[in-house]
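Visitor: Got a minute to walk me through this one? I'd like to poke at it piece by piece.

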Amino acid sequence: MQEQNDDSDLLVILRHGPHGSSWLKEGLDAALVAAAFGRRVSVLFMGEGVTALIPNQQVGPLGQKGTAATLEMLEMYDIETLLVDAQGLSRLGLSSEELMLEVKCLSSAALARVLSGHRLVLTF
């Protein structure tokens, strides 16, 4: 059995909203696949990516469905570290209590520590 170490930590950064492109869905899929293969995965929602956490999303202008169902699967895959850029959250006029999942808000300084604390980082 392979021992897990720091290089098995993966940070997936989601910077795109649920509509207008497939980046958010692809990032969530990558996080789920990595977790299924034994990686310890953290997910960071930044900028427009924060909008993925808004509850009761409707179908987008291009017929794209919201990502609520995929987001709800994160816990089933033991992806429990969900982080949000506090600046991006406030820029959108939101608070963490309004989001569909429990997240940890990060200041700019905390963001820098999180980024440097992961060997593997994927940005979508």
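Visitor: Arginine 40 first: what is its relative accessible area?
Guide: Arginine 40 comes out at 35%, so it counts as partly exposed. Keep in mind that this is a predicted model.

Visitor: Which side chain does arginine 40 meet in a salt bridge?
Guide: Aspartate 9, at 2.7 Å from N to O. Aspartate 9 sits in strand 1 and arginine 40 in strand 2, so the bridge ties together parts 31 residues apart in sequence.

Visitor: And is aspartate 9 buried or exposed?
Guide: Buried, at 16% relative accessibility.

Visitor: How many salt bridges does the count come to?
Guide: Two. Besides the one just mentioned, lysine 25 forms a salt bridge with aspartate 29, with the closest N and O atoms 2.9 Å apart. Those two both lie in helix 1, four residues apart, which is about one turn of the helix.

Visitor: What about exposure for that pair?
Guide: Lysine 25 is partly exposed at 49% relative accessibility, and aspartate 29 is partly exposed too, at 30%.

Visitor: Let's talk charges that don't pair up. Which side chain of opposite charge is nearest to aspartate 85?
Guide: That's arginine 91, 4.1 Å away. Aspartate 85 is buried yet has no salt bridge. The cut-off here is 4 Å between a side-chain nitrogen of Lys or Arg and a carboxyl oxygen of Asp or Glu, so a distance of 4.1 Å doesn't count.

Visitor: Where is aspartate 85, and what does it touch?
Guide: Aspartate 85 is in strand 3, residues 81-85. Leaving out residues up to four places away in sequence, it touches Leu44, Phe45, Met46, Gly47, Arg91, Leu106 and Leu111.

Visitor: Which helix holds alanine 86?
Guide: Helix 3, residues 86-91. Alanine 86 is partly exposed, with a relative accessible area of 28%. With residues up to four places away set aside, alanine 86 touches Cys105 and Leu106. Its C-alpha is 9.6 Å from that of valine 50, and the two residues are 36 apart along the chain.

Visitor: OK, zoom out. What's the pattern along the sequence?
Guide: Reading along the chain you get β-α-β-α-β-α-β-α-β. That's four helices and five strands.

Visitor: How much of the chain is buried?
Guide: Buried residues make up 40% of the 124 residues. The accessible surface is about 7300 Å², with 51% of that belonging to carbon and sulfur atoms.

Visitor: And the contacts: what share joins residues at least 24 apart?
Guide: 75%, taken among contacts between residues at least 6 apart in sequence.

Visitor: Switching to helix 4. Which residues there are buried?
Guide: Ala110, Leu111 and Val114 are buried in helix 4, which spans residues 108-116. They cover an arc of only 105 degrees around the axis, so they sit on the same side of the helix.

Visitor: What covers them?
Guide: The cover includes strand 1, strand 2, strand 3 and strand 4. On the face of helix 4 turned away from the buried side you find the exposed residues Arg113 and Ser116.

Visitor: What does serine 42 in strand 2 contact?
Guide: Not counting neighbours within four places in sequence, serine 42 is in contact with Leu10, Leu11, Val12, Thr81 and His118. Serine 42 is buried, with a relative accessible area of 9%. The C-alpha atoms of serine 42 and valine 114 are 9.7 Å apart, with their positions 72 residues apart along the chain.

Visitor: Any aromatics to look at? How many pairs does the count come to?
Guide: One. Tryptophan 23 and phenylalanine 124 form a tilted pair, 6.4 Å centre to centre with 55 degrees between the planes. It links distant parts of the chain: tryptophan 23 is in helix 1 and phenylalanine 124 in the segment after strand 5, 101 residues apart.

Visitor: Which of the two is buried?
Guide: Phenylalanine 124 counts as buried at 14% relative accessibility, whereas tryptophan 23 is partly exposed at 42%.

Visitor: Last one, backbone. What's phi for aspartate 78?
Guide: Near 60 degrees, a positive value in a residue other than glycine. Most residues other than glycine have a negative phi. Aspartate 78 is in the loop between helix 2 and strand 3, and at 59% relative accessibility it counts as exposed.

How values were computed. Residues are numbered from 1 along each chain as its sequence is written. This is a predicted model: local features need pLDDT of at least 70, side-chain atom pairs count only at pLDDT 80 or more; totals for chains, interfaces and linings use all residues. Side-chain values use heavy atoms; hydrogens and water are left out. Buried means under 20% relative accessible area, exposed over 50%, partly exposed in between (1.4 Å probe, protein chains only). Contact means heavy atoms within 4.5 Å. Accessible areas come from the Shrake-Rupley method with a 1.4 Å probe; for residues, only the protein chains shown count as cover. Rings of Phe, Tyr and Trp (its six-membered ring) pair if their centres lie within 6.5 Å; planes under 30 degrees apart count as stacked, over 60 as edge-to-face and the rest as tilted. Lys and Arg count as positive and Asp and Glu as negative; His and the chain ends are not counted. The arc is that of the directions from the helix axis to the C-beta atoms.
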